[in-house]
Amino acid sequence: MPHDLELSFNFLTPTKIVFGLQATDEVRIEIRALGGERTLIVTDQGIIQTGLLERIKGSLGNLCVGVFSEIPQDTGVHVVNAAAELARSLKVDSLVSLGGGSVIDTTKGLAILLKEGGKLENYQGFQMLNRPQTPHICIPTTAGTGSEVTFAAVVKDHARNQKVLLFDYHLAPNVAILDPQMVSGLPPRITAFTGMDALTHAVEAVHSLQREPIADALALHAIRLITTFLPHSVQKGDDLVARGQMQIAATMAGMAFTNAMVGLVHAMAHSVGARFGVPHGVANAILLPHCMRYNMGACPDRYALVAEAMGVRESEMSDEKAGEAAVTAIEELTQRIGLPGRLREVDVPKKALKDCAELSLSDGSIVYNPKPVYEGKEVLKVYEAAW
Ligand SMILES: [Fe+2]
């Protein structure tokens, strides 16, 4: 990063954060503060079974006029359209999303349709909106995606087998409510891989070509928190202190990467996710160390910062040595929390790696990778190392 007059960047994080035990009790006050009087809760069937929905409905009281819960794991344009139809029939003026990435992305899309009308694909691309959208309060039930503060949403158009990518400052939820009790029931494996997604966001924000000091500060503190509190969250799910610190870390990492962007790890993780359904965080956890080794020559100083944040840099270490220590520490963390370390363990066939490598080249994240990636064979080498 230039420490001189070459440095220039935009940084924005418009979402109000409400954190604490019982923070969800604030949802009614926050909806009223946004001018909402008729609120739709958007969630999924899994959340309904946990009983979390009833708490939010109770907090909202008579402001809640309906619930939309028909959201599959892999949401789609048709889901957003169905939600919009219900919301219009109920004259909804505000939204509460309660769930993980799929629920939050659906609600971001819904916020656009209710405000702008038309079709979601009309708003595909970068900064296509020019005014605030339908008020949206986000209550995440995982700690990892950072979607509660990011400007992005991905919604699949199943009919055309394409992804609709939306990226706009106006997509950031107005408020994110982080209540440790909302994530304390998360099973160990999901806790582990969503946490590694957050770690990947933070590391990729630090090495991104679009890195800058404000995102650095957020990302590096997120790395500190994840190093300490992810193992506790996995091993003792009801440790509300650890859960809360992981929520904060994931949100800080989200603020960092939605400004600084991500890189090769995400490009490659998206490909094995699309082709073989490897959960996003699992793919990130496997690929992150190998992408760091690929990038090492381009940014050893950045990985030395990661090593410092993880507490593995010793005073006599060069940046390269410290960077290697960071890579090792990440591999050890992945192992410690019980996630697989190899692509072959998650049923990715070796013969498919070439196709995945080509697919990765067309992923938007790849342009921010610190070491330029030009050809599929470069990506293939990284896949093979991770296989
Ligand atoms: Fe991610």
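Partly exposed denotes a relative accessible area between the buried limit of under 20% and the exposed limit of over 50%. Lys236, with a relative accessible area of 47%, is therefore partly exposed. The model described here is predicted. Lys236 pairs with Asp238 through a salt bridge, at 3.2 Å from N to O. Asp238 has a relative accessibility of 55% and so counts as exposed. Elsewhere, Glu308, Arg313 and Asp319 are joined into one network by salt bridges that share partners.

Twelve salt bridges are present in the structure. Among them is the bridge between Glu116 and Arg131, whose closest N and O atoms are 2.9 Å apart. This pair links distant parts of the chain. Glu116 belongs to helix α5, which covers residues 101–116. Arg131 lies in the loop between β5 and β6, and the two residues are 15 apart. Glu116 is partly exposed, at a relative accessible area of 23%. Arg131 is also partly exposed, with a value of 36%. A further salt bridge joins the side chains of Asp157 and Arg160, at 2.7 Å from N to O. Here the acidic partner, Asp157, has a relative accessible area of 8% and is therefore buried. Its partner Arg160 is partly exposed, at 43%. In general, side chains of opposite charge can pair when their charged atoms come close.

The metal site comes next. An iron ion is coordinated by Asp197 through OD, and by His201, His266 and His280 through NE2, at 2.2 Å. Along the chain, these donors follow the spacing D-x3-H-x64-H-x13-H. Asp197 and His280 link distant parts of the chain, being 83 residues apart. Asp197 sits in helix α6, residues 188–207. His280 sits in helix α10, residues 280–295. The four donor atoms subtend angles of 83 to 168° around the iron ion, so the arrangement is irregular. A tetrahedral assignment would require all angles to lie between 85 and 135 degrees. For reference, the ideal angle at a metal with four tetrahedral donors is 109.5 degrees. Accessibility was computed for two of the ligands. Asp197 is buried, because its relative accessibility is 5%. His280 has a relative accessible area of 29% and is partly exposed.

Aromatic contacts were examined over the whole structure. The search finds three aromatic pairs. One of them is formed by Phe126 and Phe167, and is stacked. The centres of Phe126 and Phe167 are 5.1 Å apart, and the planes make an angle of 15°. Distant parts of the chain meet in this pair, with the two positions 41 residues apart in numbering. Phe126 is in strand β5 (residues 125–126), and Phe167 is in strand β8 (residues 162–167). Phe126 counts as exposed, at 56% relative accessibility. Phe167 counts as buried, at 15%.

Another pair, Phe151 with Tyr169, is edge-to-face. The ring centres of Phe151 and Tyr169 are 4.8 Å apart, with 80° between the planes. This pair, too, links distant parts of the chain, 18 residues apart. Phe151 occupies the loop between β6 (136–140) and β7 (152–157). Tyr169 occupies the loop between β8 and β9 (175–178). The relative accessible area of Phe151 is 0%, so this residue is buried. Tyr169 is partly exposed, at 29% relative accessibility. Ring pairs connect Phe126, Phe151, Phe167 and Tyr169 into a cluster.

Two side-chain contacts of other kinds complete the account. The charged end of Lys371 is placed over the ring of Tyr294, at 4.2 Å from the ring centre. In strand β6, the side chain of His136 makes a polar contact of 2.7 Å with the side chain of Ser97. His136 has a relative accessible area of 2% and is therefore buried.

Definitions and conventions. Residues numbered from 1 in each chain as written. Predicted model: local features only at pLDDT ≥ 70, side-chain atom pairs only at ≥ 80, totals over all residues. Heavy atoms only, no water. Donors = N, O, S within 2.8 Å, 3.2 Å for Na, K, Ca; no water. Tetrahedral: all angles 85-135°; square planar, octahedral: opposite > 155°, others 65-115°. Helix = DSSP H or I, 4+ residues; strand = E, 2+ residues; numbered from the N terminus. Buried < 20%, exposed > 50% of the residue type's maximum accessible area, 1.4 Å probe, protein only. Phe/Tyr/Trp six-rings, centres within 6.5 Å; stacked < 30°, edge-to-face > 60°. Lys NZ or Arg CZ within 6 Å of the ring centre and 35° of its normal. Salt bridge = Lys/Arg side-chain N within 4 Å of Asp/Glu carboxyl O. Polar contact = N/O pair within 3.5 Å; in protein donor to acceptor, adjacent residues only side chain to side chain.
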